[in-house]
Amino acid sequence: MRTTILALFLSLFSLIANAQVSRDEIRDNIYRSGSNYYAYPGPLQRRLTKSPKGYTPFYISHYGRHGSRHLINNSDYDKAWKTLLRGDSLGKLTPLGQDVLRRVSLIRSDADKRHGELTLLGAEQHLDIGNRMYKRFPEVFKGKTHIDAKSTVVIRCILSMENGLHALLRHNPSLDIRHDASEHDMWYMNFSDRELDKKKAPKDVQRVYDDFCKAHQHNDRLMSSLFNDENYWRHEVNAQDLAYHLFKLASNLQSTDLRHTLTLYDLFTEDEVYDLWLQTNAWWYIHYGPCPLNGGVSPYSQRNLLRKMISEADSCIRLPHPGATLRYGHEVCVMPLACLLEMDDFGKPISDLEMLDDEGWHCYKIFPMACNVQLVFYRPKKGTGPILVKALLNENEVRLPLQPVSGPYYKWSDFREYYLRKLDHARELLN
């Protein structure tokens with residue numbers, strides 16, 4: 001009885017300790033509220049765990065997202081701009097509303113004909129990641145070792161790859177690099193699984209999400225600050241749509257040079273920022289996380305990518321000096337890959353969307369701009385022994401659902417057995 005009470009107490013204490021962690025983290029750094037627009041913060045873990053005695057790194061398998069970019073579509077800029085422009089033409093904007101129209105016009109002009117393109121900050125992020133990769137694992141990149149790099153066919157991904165490779169070449173000009181971007185590889189680099197997509201948000205799941213959003217939509221104060229006529233904005237303005245697009249613009253400013261001179265975050269209260277983030281966080285959990293409401297199918301969108309990473313690693317680790325396999329793509333691959341690998345607690349099924357924050361599902365920790373997964377392989381310097389692997393998410397060591405040899409180091413044989421079995425199960429799950 002005493003044991004049961006203690007267990008319940010510890011469970012309750014854990015929930016209290018974790019309650020709304022993201023609210024504090026977003027208060028500390030409002031840019032985190034941008035979710036997938038959060039500019040890459042760099043590794044939080046400055047020192048990696050020492051490799052087991054007698055082991056050295058010799059191969060890296062990587063998949064990374066492109067760096068910071070402009071928003072992708074015209075509508076990302078035009079929806080808020082057109083709504084405010086119409087209000088201004090009818091004399092319905094407050095002085096603040098007029099100033100917001102001015103700011104949105106500047107943002108829209110800055111992105112003209114650059115939709116979806118890599119920004120200067122995005123290029124710097126991949127230069128920095130490449131530099132750190134070399135400095136952390138110099139043994140992998142010594143001599144004339146081979147680097148195989150692939151990108152999706154999207155220009156921001158190609159340029160991200162080129163910046164990452166440029167950083168490595170600065171350290172070792174003798175690297176033998178092959179880099180490519182072709183539709184030939186899209187079956188695993190950015191697989192479009194239409195059948196699985198249909199299973200992500202069926203009507204019953206969409207209903208749960210819509211109800212969740214309604215509970216967190218509080219736009220009256222914002223609308224009243226922008227428009228001088230309540231009757232107008234209540235009947236002529238889609239308040240949620242305008243709030244969403246203004247918040248999207250606010251979030252992505254951190255990726256552009258305008259971040260030094262402009263903000264839109266001042267339009268929102270702390271509670272409004274948190275509520276807008278909650279809605280986005282839940283959307284990503286349903287569509288790309290291990291959400292049990294849809295059977296947890298979403299992470300399996302990256303089954304081809306994980307199989308490819310395993311098969312290529314099997315080939316490369318047989319070589320005396322295999323170097324690295326680098327892949328550059330999108331957040332819609334990194335997030336489900338991290339969930340499929342069950343990194344830390346990102347494979348956790350959470351049925352109640354209201355509990356996502358308390359249970360530690362914080363999307364900005366998985367897929368900021370330039371997010372990446374690195375599998376680093378180790379072997380004995382002398383003699384024989386099992387190949388070891390450790391996983392990094394955004395250059396931070398993470399736990400895997402395996403028995404470690406020590407710290408974050410796992411046997412490659414255990415890794416491949418566990419995940420190949422899981423991928424085989426996916427065939428049954430998705431049929």
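Which residues in H9 meet which residues in H13? The close-ups below start with that contact and come from a predicted model.

**View 1. Helix H9 packs against helix H13.** Here we look at H9, residues 203-215, beside H13, residues 270-288. Their axes lie 10 Å apart and form an angle of about 165°. Angles over 145 degrees count as roughly antiparallel, so H9 is roughly antiparallel to H13. The crossing of H9 past H13 is right-handed. To answer the opening question, H9 brings Val205, Tyr209, Phe212 and Cys213, and these meet Leu278, Gln279, Ala282, Trp283 and Ile286 of H13. Eight residues of this contact are nonpolar, one is polar and none is charged.

**View 2. Tyrosine 59 and phenylalanine 377 form a tilted ring pair.** The structure holds 21 aromatic pairs, and this view shows one of them. A pair of aromatic rings is described by the distance of the centres and the angle of the planes. For tyrosine 59 and phenylalanine 377, the ring centres are 5.3 Å apart and the planes meet at 45°, so the pair is tilted. The two residues are 318 residues apart and link distant parts of the chain: tyrosine 59 sits in strand E1 (residues 55-65), while phenylalanine 377 belongs to strand E5 (residues 372-380). Is tyrosine 59 buried or exposed? Tyrosine 59 is buried, with a relative accessible area of 0%, and phenylalanine 377, at 0% relative accessibility, counts as buried too.

**View 3. Ring pairs join several residues into a cluster.** Let us step out from the pair in View 2. Tyr59 and Phe377 are linked by ring pairs into a cluster with Trp412, Phe415, Tyr418 and Tyr419.

**View 4. Phenylalanine 247 is buried in the model.** The relative accessible area of phenylalanine 247 is 5%. Tyrosine 265 has 7% relative accessibility and also counts as buried. The rings of phenylalanine 247 and tyrosine 265 have centres 6.1 Å apart and planes at 70°, so this pair is edge-to-face. Phenylalanine 247 lies in helix H12 (residues 239-252) and tyrosine 265 in the loop between H12 and H13, so to speak 18 residues apart along the chain.

**View 5. Asparagine 304 touches aromatic neighbours Trp187, Tyr188 and Phe191.** Which helix holds asparagine 304? Asparagine 304 is found in helix H14, residues 303-316. With 18% relative accessibility, asparagine 304 counts as buried, because the cut-off for buried is under 20% relative accessible area. The three contacts shown leave out residues up to four places away in sequence.

Terms used: Residues are numbered from 1 along each chain as its sequence is written. This is a predicted model: local features need pLDDT of at least 70, side-chain atom pairs count only at pLDDT 80 or more; totals for chains, interfaces and linings use all residues. Side-chain values use heavy atoms; hydrogens and water are left out. Axes are lines fitted to C-alpha atoms, for helices over the stretch in contact, and angles run from 0 to 180 degrees between N-to-C directions. Helices (H or I, at least four residues) and strands (E, at least two) are DSSP runs, numbered from the N terminus. Angles under 35 degrees count as roughly parallel, over 145 as roughly antiparallel, 65 to 115 as roughly perpendicular and the rest as oblique. A crossing is left-handed if the near helix is turned anticlockwise from the far one by less than a right angle, and right-handed if clockwise. Contact means heavy atoms within 4.5 Å. Ala, Val, Leu, Ile, Met, Phe, Trp, Tyr, Cys and Pro count as nonpolar, Asp, Glu, Lys and Arg as charged, and the others, Gly among them, as polar. Rings of Phe, Tyr and Trp (its six-membered ring) pair if their centres lie within 6.5 Å; planes under 30 degrees apart count as stacked, over 60 as edge-to-face and the rest as tilted. Buried means under 20% relative accessible area, exposed over 50%, partly exposed in between (1.4 Å probe, protein chains only).
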